[in-house]
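Got the viewer open? Let's take a short walk through this model, one selection at a time.

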Amino acid sequence: MAVLIMGMMVVTYLPRFIPFVVMADRKFSPRLEEFFGYIPYAALGALIIPGFLTAIPGHVEVSIMGVITALLIGYWKGGVVKPVLGAILSCTLFISFGF
């Protein structure tokens, strides 16, 4: 069992480690650096958007209001944490007040 776990660790760790070592001393163009800066937001969107309509069963409108809240907070305040926390808070409030 331990050999299996160690094998899985190596197989999942290598694809993360090799690019880090290979690209450590490499300089990228400013345009490519800007592109890399958008990857966390794109990944977060790819994780959230497919399931937001089914996130709260029977309350699609609450999910939509949560996404709208997240978009507005993200536009005005930026970042990733504030929009997510704002969406959670708005969904909680909408459900609590019977929407």
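**Stop one: where two helices meet**

Select V62, M65, G66, T69, A70, I73, G74 and K77 in α4, then add K82, P83, G86, A87, S90, C91, F94 and I95 in α5: these are the residues through which the two helices touch. Keep in mind as you look around that this is a predicted model. Colour the selection by class and you'll get nine nonpolar, five polar and two charged residues.

Now show the full helices, residues 60-77 for α4 and 81-96 for α5. Their axes lie 8 Å apart, at an angle of about 145°. As for handedness, α4 and α5 cross in a right-handed way.

**Stop two: the pair before**

Next, pick residues 30-37 (α2) and 39-48 (α3). Here the axes are 5 Å apart and the packing angle is about 30°, which means α2 runs roughly parallel to α3. Show side chains for F35, F36 and G37 on α2, plus I39, P40 and Y41 on α3, to see who makes the contact. That set has five nonpolar residues, one polar and no charged ones.

**Last stop: a bent helix**

Finish with α1, residues 2-22. Where does α1 bend? Centre on L14: the helix bends there by about 35°, and a proline, P15, follows within four residues. Even so, from first C-alpha to last, the 21 residues of α1 reach 29 Å, close to the expected 30 Å.

Conventions. Residues numbered from 1 in each chain as written. Predicted model: local features only at pLDDT ≥ 70, side-chain atom pairs only at ≥ 80, totals over all residues. Heavy atoms only, no water. Axes fitted to C-alpha atoms, helices over the stretch in contact; angles between N-to-C directions. Left-handed = near helix turned anticlockwise from the far one by under 90°. Contact = heavy atoms within 4.5 Å. Nonpolar A, V, L, I, M, F, W, Y, C, P; charged D, E, K, R; others polar. Expected span 1.5 Å × (residues − 1). Bend = angle between axes of the 7 residues up to and from the residue. Parallel < 35°, antiparallel > 145°, perpendicular 65-115°, else oblique.
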